[in-house]
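Biologist: I am new to this one, so could you walk me through it? Let's look at it together first.

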Amino acid sequence: MSESVSAGKLVVLSGPSGVGKNTICDKLVEHDRIEHSVSATTRSPRSGEVEGEAYFFLTREQFERDVTAGRFLEHAAVLGHRYGTPREAVERSIAARRLCLLNIDVAGAMQIKDSGMAATFIFLMPPDLAELERRITGRASETPEQVQQRLALARREIEQRQEYDHMVVNDEVERAVKEILQILGVT
Ligand code: 5GP
């Protein structure tokens, strides 16, 4: 058995808004060895999002308390909201020799990198930037200002893709998932 298969470790998945990270994550966790880390956030739940499944939804005060208590492995602010990876669940997952999947932004990913924890960093790229921009612009729930912020953030994140070990193009979900599983040595 190769090292990547026998040891628990982090799998950090980042990519711009609209690239399809959540869909890819849902597919990856269908594999027994892969577990998704549920993040905490101060943003409000979107329709259909379940507490403890999509996120742990916290008030700013609760989030701040957890930061002070050192309960996050990393945390960052994204478009005015705070997000953090709960440390304890990740450590349990690693101890159980699972692959713990973090769907987090670039700032958070760089904190994990600096921590020196064993991790594979994967950046998900859209096949076509113009299409990504259309998808972000087409989100009905957002104001024009929010759309502009999301586009600017997507461009900034894409500029940092070189920091990652692997770049995977999400041209087709099944293909991209297969490529990620290969990278992770999961069969
Ligand atoms: P959304 O609000 O659309 O669910 O997520 C917005 C961004 O926050 C996404 O890029 C997502 O990857 C990132 N994010 C989600 N959870 C975390 C986390 O725990 N830490 C960090 N740093 N980013 C996160």
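Modeller: Here are some questions and answers about the sheet, a pair of helices and two single residues; please keep in mind that this is a predicted model.

Biologist: Let's begin with the sheet. What is the order of its strands?

Modeller: Happy to start there. The sheet is an open one with 5 strands, and the pairing is parallel. From one strand to the next, the twist averages 30°. Read across the sheet, the strand order is 2-7-1-8-9.

Biologist: Which strands stand at the edges?

Modeller: An edge strand has a single partner strand, so one side of it is left without a neighbour in the sheet. Strand 2, for example, pairs with strand 7 (residues 99-103) in the parallel sense over 3 bridges. The strands at the edges are strand 2 and strand 9 (166-169).

Biologist: Which residue in strand 7 stands opposite Glu-35?

Modeller: Strand 2 covers 34-36, and its pairing with strand 7 is parallel. Opposite Glu-35, in strand 7, stands Cys-100.

Biologist: And what angle does the direction of helix 4 make with that of strand 7?

Modeller: Helix 4 (residues 87-95) packs on the sheet. There it touches strand 1 (9-14), strand 2 and strand 7. With the direction of strand 7, its own direction makes about 145°.

Biologist: Now the helix pair. How many nonpolar residues does the contact of helix 6 with helix 7 have?

Modeller: Helix 6 (residues 129-137) and helix 7 (residues 144-159) pack at about 150°, their axes 9 Å apart, in a right-handed crossing. Among the residues making the contact are Leu-132 and Ile-136 of helix 6, and Leu-151 and Ala-154 of helix 7. Besides 1 polar and 3 charged residues, the contact has nonpolar residues numbering 7.

Biologist: Is Ser-39 buried or exposed?

Modeller: Ser-39 lies in the loop between strand 2 and strand 3 (40-41). Leaving aside neighbours within four places in sequence, Ser-39 is in contact with Tyr-55, Phe-56, Gly-84, Thr-85 and Pro-86. Its relative accessible area is 9%, and the cut-off is under 20%, so Ser-39 counts as buried.

Biologist: Last one: how far apart are the C-alpha atoms of Lys-27 and Val-173?

Modeller: Lys-27 sits in helix 2 (residues 21-28) and, at 27% relative accessibility, counts as partly exposed. Not counting residues up to four places away in sequence, Lys-27 touches Val-173, Glu-174 and Val-177. Lys-27 and Val-173 are 146 residues apart along the chain, yet the separation of their C-alpha atoms is 8.7 Å.

Definitions and conventions:
Residues are numbered from 1 along each chain as its sequence is written. This is a predicted model: local features need pLDDT of at least 70, side-chain atom pairs count only at pLDDT 80 or more; totals for chains, interfaces and linings use all residues. Side-chain values use heavy atoms; hydrogens and water are left out. Helices (H or I, at least four residues) and strands (E, at least two) are DSSP runs, numbered from the N terminus. Buried means under 20% relative accessible area, exposed over 50%, partly exposed in between (1.4 Å probe, protein chains only). Contact means heavy atoms within 4.5 Å. Axes are lines fitted to C-alpha atoms, for helices over the stretch in contact, and angles run from 0 to 180 degrees between N-to-C directions. A crossing is left-handed if the near helix is turned anticlockwise from the far one by less than a right angle, and right-handed if clockwise. Ala, Val, Leu, Ile, Met, Phe, Trp, Tyr, Cys and Pro count as nonpolar, Asp, Glu, Lys and Arg as charged, and the others, Gly among them, as polar. Two strands pair if DSSP finds at least two bridges between them.
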